[in-house]
Amino acid sequence: QVELVESGGGLVQAGGSLRLSCAASGRIWSINDMRWYRQAPGMQREWVAGISNSGNTVYADSVKGRFTISRDNAKRTVSLQMYSLKPEDTAVYYCNADVRTGLGLAEYGYWGQGTQVTVSS
């Protein structure tokens with residue numbers, strides 16, 4: 001199967017920085033788009049940023065200019081560098097990837113287990 005494992009979350013003061021990483025492993029033929037989502041308490045999960053396998057990036061307006069998504073295709077990792085963090089960035093952050101597990105097979109979306117980011121004011 002396919003497993004995504006996030007790391008790098010923690011507690012940081014407002015204005016600080018954190019870097020999240022997500023590593024994919026298992027039966028992987030190819031990985032297409034990779035994304036970060038987040039879910040604050042009592043809120044729906046929201047999309048934060050995405051990156052194609054060629055490196056094209058897109059961001060939610062709420063994080064544009066403060067967060068940077070990147071990936072290493074050889075290592076099958078995606079990262080999210082977060083700067084100028086705000087208390088409203090507090091959430092569980094999840095990585096998501098469109099993975100093909102074999103030649104000619106369909107892509108499926110896989111999720112990590114999430115990593116907590118807490119920004120204190």
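Contact here means heavy atoms within 4.5 Å. Keep that in mind for the close-ups below, which all come from a predicted model.

**View 1. R66 and the residues around it.** Look for R66 in the loop between β6 (57–59) and β7. Setting aside its neighbours within four places in sequence, R66 is in contact with Q81, M82, Y83, S84, L85, K86 and D89. With D89 there is also a polar contact, 2.8 Å between the two side chains. Is R66 buried or exposed? Buried means under 20% relative accessible area, and R66 comes in at 10%, so it counts as buried.

**View 2. The open sheet of four strands.** Reading across, the strand order is β1-β3-β8-β7, and the pairing is antiparallel. The edges belong to β1 (2–7) and β7 (67–72); each has a single partner strand, so one side of each has no neighbour in the sheet. On average, neighbouring strands here are turned by 15 degrees against each other, direction ignored. Zoom in on β3 (residues 18–26) and β8 (residues 77–82), and you'll find six bridges holding this antiparallel pair. One spot to pick out is S21, which stands opposite S79 in β8. As a reading aid, side chains in a regular strand alternate between the two faces of the sheet.

**View 3. The disulfide between C22 and C95.** You won't need to hunt for others, since the structure holds one disulfide. It joins C22 to C95, with the sulfurs 1.9 Å apart. The link is right-handed, with 40 degrees about the S-S bond. C22 sits in strand β3 and C95 in strand β9 (residues 91–100), so the pair ties together parts that are 73 residues apart in sequence. Both cysteines are buried.

**View 4. The largest nonpolar core.** How many residues does the largest nonpolar core have? There are 31, and W36, L80, M82 and Y93 have the most contacts inside it. Two or more residues come from each of β1, β3, β4 (30–39), β5 (46–51), β7, β8, β9 and β11 (115–120). The largest share is five residues, given by β9. In soluble globular proteins, nonpolar side chains tend to be buried together. Follow M82 and, leaving out residues up to four places away in sequence, you'll see it touch G16, S17, L18, L20, R66, F67, Y93 and V117. So R66 from the first view turns up again here, as one of the residues that M82 touches.

**View 5. β4 with its partners β9 and β5.** Strand β4 runs antiparallel to β9, and eight bridges join the two. Across this pair, Y37 has Y94 in β9 as its bridge partner. β4 also pairs with β5 in the antiparallel sense, over five bridges. There, M34 stands opposite I51 in β5. The hairpin of β4 and β5 has six residues between the strands, and among them look at G42, which takes a positive phi near 75 degrees.

**View 6. N96, a buried residue with polar partners.** N96 lies in strand β9. Its relative accessible area is 5%, and it is buried. What does the side chain of N96 make a polar contact with? One partner is the side chain of R35, at 2.5 Å. The N96 side chain also reaches the backbone oxygen of Y110, at 3.3 Å. Not counting residues up to four places away in sequence, N96 touches L4, D33, M34, R35, Y37, G109, Y110 and W111.

**View 7. Y59 in strand β6.** You'll find Y59 in strand β6. At 18% relative accessibility, it counts as buried. Leaving aside its neighbours within four places in sequence, Y59 is in contact with W47, V48, A49, K64, F67, T68 and I69. Take V48 from that list: it is eleven residues from Y59 along the chain, and the two C-alpha atoms are separated by 6.0 Å. For I69, look at the backbone nitrogen, which lies 2.9 Å from a polar atom of the Y59 side chain.

How values were computed. Residues numbered from 1 in each chain as written. Predicted model: local features only at pLDDT ≥ 70, side-chain atom pairs only at ≥ 80, totals over all residues. Heavy atoms only, no water. Pairing = 2+ DSSP bridges. Axes fitted to C-alpha atoms, helices over the stretch in contact; angles between N-to-C directions. Disulfide = S-S within 2.5 Å. Buried < 20%, exposed > 50% of the residue type's maximum accessible area, 1.4 Å probe, protein only. Core = buried A, V, L, I, M, F, W, Y, C linked by side-chain atoms within 4.5 Å. Polar contact = N/O pair within 3.5 Å; in protein donor to acceptor, adjacent residues only side chain to side chain.
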